Amino acid sequence: MNDHADPTGPTGEAETHALTPYLVVADARRAIEFYVETFGAVRHGEPIVMDDGRVGHAEVAIGDSVLMMAEEFPEIDHVAVTSGGPAVRVEVADVDDAVAKATALGAEVFGDIGDDGYGRSGRIRDPFGQRWLVQQASRRSSAGRS
């Protein structure tokens, strides 16, 4: 396991919460690898692969939370955003390291990495079009534990 985020929460398990991001990505297998390498995500079960080979559902754990994703299914209006769209805030133990790994894996950095008054942070768009607000984990969060 890498040192970005502790894959377990206070109870020892990542879980869904009242609000759980569900991303649409063009290539879920590559996205999972990207999130594992960049954010220290841990695979949460095996992806559900449809008869046509597309990933219909997959999950990873980041900190105490679950991130869900699937590949595009235009027939049900389940398509990836190619620009703009929502951003997901993710806490990591080391913002500089996470952003460096993300860019090495094809992410684009927006603006400078720095302290914005709320801790060290940076902004990236991953190779799948998803925007991320990468934030230094506070000591009280599952990603900030020593």
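Biologist: At roughly what angle do the axes of helix H1 and helix H2 cross?

Modeller: Happy to start there, keeping in mind that this is a predicted model. H1 spans residues 28–39 and H2 spans residues 95–104. Their axes come within 8 Å, and the crossing angle is roughly 150°.

Biologist: Which residues of H2 make the contact with H1?

Modeller: From the H1 side, Phe 34, Glu 37 and Thr 38 take part. By class, the contact has 3 nonpolar, 1 polar and 2 charged residues. The H2 residues that make the contact are Ala 98, Lys 101 and Ala 102.

Biologist: Let me step back to the whole chain. In what order do its elements run from the N terminus on?

Modeller: There are 2 helices and 9 strands to place. Of the 146 residues, 40% count as buried. Among contacts between residues at least 6 apart in sequence, 60% join residues at least 24 apart. From the N terminus on, the order is β-α-β-β-β-β-β-α-β-β-β.

Biologist: Which strands stand at the edges of the open sheet of 4 strands?

Modeller: Follow the order of the sheet, which is S6-S9-S8-S7 with mixed pairing. An edge strand here has a single partner, so one side of it is left without a neighbour in the sheet. From one strand to the next, the twist averages 15°. The strands at the edges are S6 and S7 (108–115).

Biologist: Do S6 and S9 run parallel or antiparallel?

Modeller: S9 covers residues 131–136, and 6 bridges join S6 to this strand. Within the pair, Val 88 stands opposite Trp 132, and Arg 89 stands opposite Leu 133. The two strands run parallel.

Biologist: What is the bridge partner of Arg 123 in S9?

Modeller: Here we look at S8 and S9, which pair in the antiparallel sense over 5 bridges. They form a hairpin with 5 residues between them, and Gly 129 in the turn has a positive phi of about 95°. In S9, the partner of Arg 123 is Leu 133.

Biologist: Which strands of the sheet does H2 touch?

Modeller: Both helices pack on the sheet, so to speak, and each can be taken in turn. H1 touches S6, S8 (120–125) and S9, and its direction makes about 20° with that of S9. The direction of H2 makes about 15° with that of S8. The strands touched by H2 are S6, S7, S8 and S9.

Biologist: Now for the second largest pocket: which strand supplies the largest share of its lining?

Modeller: About 240 Å³ of space lies in this pocket, and of the 19 residues that line it, the closest to its centre are Tyr 22, Leu 23, Val 24, Pro 86 and Gln 130. By class, the lining has 13 nonpolar, 5 polar and 1 charged residues. Strands S1 (22–25) and S6 (87–92) each supply at least two lining residues. The largest share, 4 residues, comes from S1.

Biologist: Is Asp 77 buried or exposed?

Modeller: Asp 77 sits in the loop between S5 (65–71) and S6. Its phi is positive, about 60°, although it is not a glycine. Its relative accessibility is 65%, and the cut-off for this class is over 50%. Asp 77 therefore counts as exposed.

Biologist: How far apart are the C-alpha atoms of Gly 56 and Phe 73?

Modeller: Gly 56 lies in S4 (residues 55–62), and at 21% relative accessibility this glycine counts as partly exposed. Leaving out residues up to four places away in sequence, Gly 56 touches Tyr 22, Ile 48, Met 50, Ala 70 and Phe 73. Gly 56 and Phe 73 are 17 residues apart along the chain, and their C-alpha atoms are separated by 8.4 Å.

Biologist: One last residue: what is the C-alpha to C-alpha distance between Ser 138 and Tyr 118?

Modeller: Ser 138 is found in the segment after S9. At 23% relative accessibility, Ser 138 counts as partly exposed. Ser 138 and Tyr 118 are 20 residues apart in sequence, and in space the distance is 9.6 Å.

Terms used:
Residues are numbered from 1 along each chain as its sequence is written. This is a predicted model: local features need pLDDT of at least 70, side-chain atom pairs count only at pLDDT 80 or more; totals for chains, interfaces and linings use all residues. Side-chain values use heavy atoms; hydrogens and water are left out. Axes are lines fitted to C-alpha atoms, for helices over the stretch in contact, and angles run from 0 to 180 degrees between N-to-C directions. Contact means heavy atoms within 4.5 Å. Ala, Val, Leu, Ile, Met, Phe, Trp, Tyr, Cys and Pro count as nonpolar, Asp, Glu, Lys and Arg as charged, and the others, Gly among them, as polar. On a 1 Å grid over the protein atoms alone, a cavity is a set of points where a 1.4 Å probe fits but cannot get out, and a pocket is an open set with protein on both sides within 12 Å along at least five of seven lines; lining residues have an atom within 4 Å of a point. Grid points are joined across faces, edges and corners, and a volume is the space filled by probe spheres set on the points. Two strands pair if DSSP finds at least two bridges between them. Buried means under 20% relative accessible area, exposed over 50%, partly exposed in between (1.4 Å probe, protein chains only).
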